[in-house]
Amino acid sequence: MFEKALVGSKRYWTWVAFLLALTGIGAILYLWQLKVGLKITGMGRDVSWGFYIGNFTYLVGIAAGGVMVALPFYLHNYKAFGRIVVLGEFMAVAAVIMCLSFIIVDLGKPMRAFNVLFHPTPNSILFWDMVVLNVYLLLNIFVGWNALQAERNDVPPPTWVKVLAVFSVAWAPLIHIVTAFIYQGLPGRHYWLTAIMAPRFLASAFTSGPALLLVIALIIKRYTKFDPGEVAIQTIGKIVTYCIIINVAFFFFEVFTSFYSQIPGHMQHFKYLFFGLEGHGIMAPLMWISIIGMITASILLVIPGIRRNETTLALCCILVVISTWLDKGPGLMAGGFIPNPLHEIVEYWPTLPEALITLGVWALGFLILTVLYKIAISVHEEIEA
Amino acid sequence: MEVNRRQFLKSIGLFTILGIGGWSAFELLVPGQIEAQYARKKEALRAKRWAMVIDMTKMDEETAKRCIEACRRIHNIPDFYHPVDPKYKVDPKKARRWEIKWIWLEPFEHAFPDLEEKFMPESLKEKLFVVLCNNCDNPPCVRVCPTKATWKREDGIVMIDFHRCIGCRFCMAACPFGSRSFNWGDPRPYVNYRNPEFPTREKGVVEKCNFCAERIDKGLLPACVEASNGAMTFGDILDPNSEVRRLLREHYTIRRKPHLGTEPQVYYIIM
């Protein structure tokens, strides 16, 4: 089937070339980082994880979010998702590859990455994250590819693919729970040290993943003959709506506990993020955009007319994608590390090379996504022809 | 001498067999000898659990600076504010971000943020405290490390293997004391005094105070303790007759963030 990715319109190749160029720029800058070290980033001893790990965390959510189309299809035989389910699986593949790339570019000694396998350490959550992410990646490659092949050959997918698909549905939440556990089990990081971190991650994943999928599906619909179907789009719209509301609610649960208890250690990170502390507040505008964006999207999506109109639905979903990214990427990092354990405030902002390496990883992910989607869509077009 | 393909392959095969056989023979006759061995020397200081008491009534700023300098020289710690060669000069903001801290000074309010009182004596609030890795008995940094590059020795010292660390910095997120530092770039241009007996570090690995494990194993006290004029005491906290235990018995001491359950092993006498 891969040959389908090698033929395409001029627009397809232009897009591929554009992504390749961005990936290339990122790769060259990464070589520089490899040579001189992570000092080319804005990170430091106080904010020791930054843009890379923030994007990693967000993308684990995108990967897990694909399950919101797989679950109704495989577990409830929800036929309307028949066409889009493979897009969800392929999105998970691209997202997990981005996640793993972000981990690699964040390592001080990437050439030693395999030490995680040579010296397996079950008490480290990072070890388990490596396990769950890689298994999820393989599951989605096998299930997506074989289901598509079966569809092309007009036969039902083999039983083992169905078994793996169901297994993958159960596995998806795991990747995000384990990722949340990286943060929520650390003493002395009050912003992260909360049992609702994992549920918050899941809610945000189950809104941002389907939202991104919906936007991409609508773009594909506009430029190709592929139509995910009106019903599928509307159902995803409802999923996005419920989950963004839950996500906003979880955020306010957190705010309530911190501010009603009045425990300074719990309040200070929220205060820093939204109002700034001691004259330092570069995160505040972003955090306000994030929370206002999430609330606005929740309100708008509840209104049936707005949700039923594909254009306004797509705009709301873009708002969801951006506002949840701000919350879970940059916001999660800054909130966790600022103020530092000694209650000093050292702020963080990514440098240009750091931002371009990040962009390069995103471009790599979208390149993989483009190629996989090109294959899936060509197969669908072939079947219909 | 001509060597054709056949002879070459034969000799390669032969040497391979010899090599494998040699290894097994060694393993059979003197098991475990090929693997690097680590045996504590006779002169090494021994303890069930090392701990430190810092008497802040004796620790004036001058003494503290002498302790810090002793550590810096012995452990090849870079100073980003003062490069060896002026061409490596960086602006102070970056120097602060990249700073490598093993033992350093913090005002009371930062060393003990949970103990800060609104109306406490100004002199104490701003008093500079010597802080270092607490070599916790229940260290979260060890718990999170995905490669066992950081581990706790039998005598309680939390160690780092600079050659195994992958630089993921999970331990830095886990440490509630900010006691771990990462080498954001090559530290060597900023190492002003080279001690050939302790390794310099490469970019990309984490480091921290190790209670001078390398000195203890030679029968020496930690460098800071030696330089402290009696303001710092180092000893076995599980030995009821140790000097450390005597101090803990006779003085009220505090530790940094004991409520987090990491069991810090550095105690402070404040009055």
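This tour moves through a predicted model of a complex, from the whole of chain A to the contact between the chains and then to a sheet in chain B.

Before selecting anything, keep in mind the predictor's own scores, which are an ipTM of 0.92 and a pTM of 0.91 for the complex. Chain B averages a pLDDT of 90, and 91% of its residues score at least 70. Where pLDDT is low, the predicted coordinates should not be read in detail.

**Select chain A.** Coloured by secondary structure, chain A shows 15 helices and zero strands. Its C-alpha atoms fill a box of roughly 65 × 50 × 40 Å along the principal axes, and its radius of gyration is 21 Å, which agrees with the value near 21 Å that a compact globule of 385 residues would have. Buried residues make up 50% of the 385 residues in this chain. If contacts with a separation of 6 or more are counted in chain A, 80% of them join residues that are 24 or more positions apart.

**Select A:Tyr260.** This residue lies in helix α9 of chain A, which covers residues 230-261. Is A:Tyr260 buried or exposed? A:Tyr260 counts as exposed, because it has 8 C-beta neighbours inside 10 Å, and the cut-off for that class is 12 or fewer. If you now add A:Gln33 to the selection, the two residues turn out to be 227 residues apart in sequence and 45 Å apart in space, from C-alpha to C-alpha.

**Select the contact between the chains.** Here 31 residues of chain A meet 39 residues of chain B. On the side of chain B that touches chain A, at least two residues each come from α3 (92-98), α6 (140-144), α7 (170-174) and β6 (181-182) of chain B. The largest share, four residues, is supplied by α7(B). Coloured by residue class, this side of chain B divides into 19 nonpolar, ten polar and ten charged residues.

**Select the four-stranded sheet in chain B.** The strands of this open sheet follow the order β8-β1-β10-β9 in chain B, with mixed pairing. At the edges are β8 (232-236) and β9 (253-254) of chain B, each of which pairs on one side only. Two bridges join β9(B) to β10 (residues 266-269) of chain B, and these two strands run antiparallel. Which residue of β10(B) is the bridge partner of B:Ile254? The partner is B:Tyr268.

**Add helix α10 of chain B.** Residues 243-250 of chain B form this helix, which packs on the sheet and touches β1 (50-55), β8, β9 and β10 of chain B. The direction of α10(B) makes about 115° with that of β8(B).

Terms used: Residues numbered from 1 in each chain as written. Chains lettered and ligands numbered in written order. Predicted model: local features only at pLDDT ≥ 70, side-chain atom pairs only at ≥ 80, totals over all residues. pLDDT = per-residue confidence, 0-100. Contact = placed C-beta atoms within 7 Å. Nonpolar A, V, L, I, M, F, W, Y, C, P; charged D, E, K, R; others polar. Pairing = 2+ DSSP bridges. Axes fitted to C-alpha atoms, helices over the stretch in contact; angles between N-to-C directions. Buried ≥ 20, exposed ≤ 12 C-beta atoms within 10 Å, placed from the backbone. Rg over C-alpha atoms; globule rule 2.2 N^0.38 Å.
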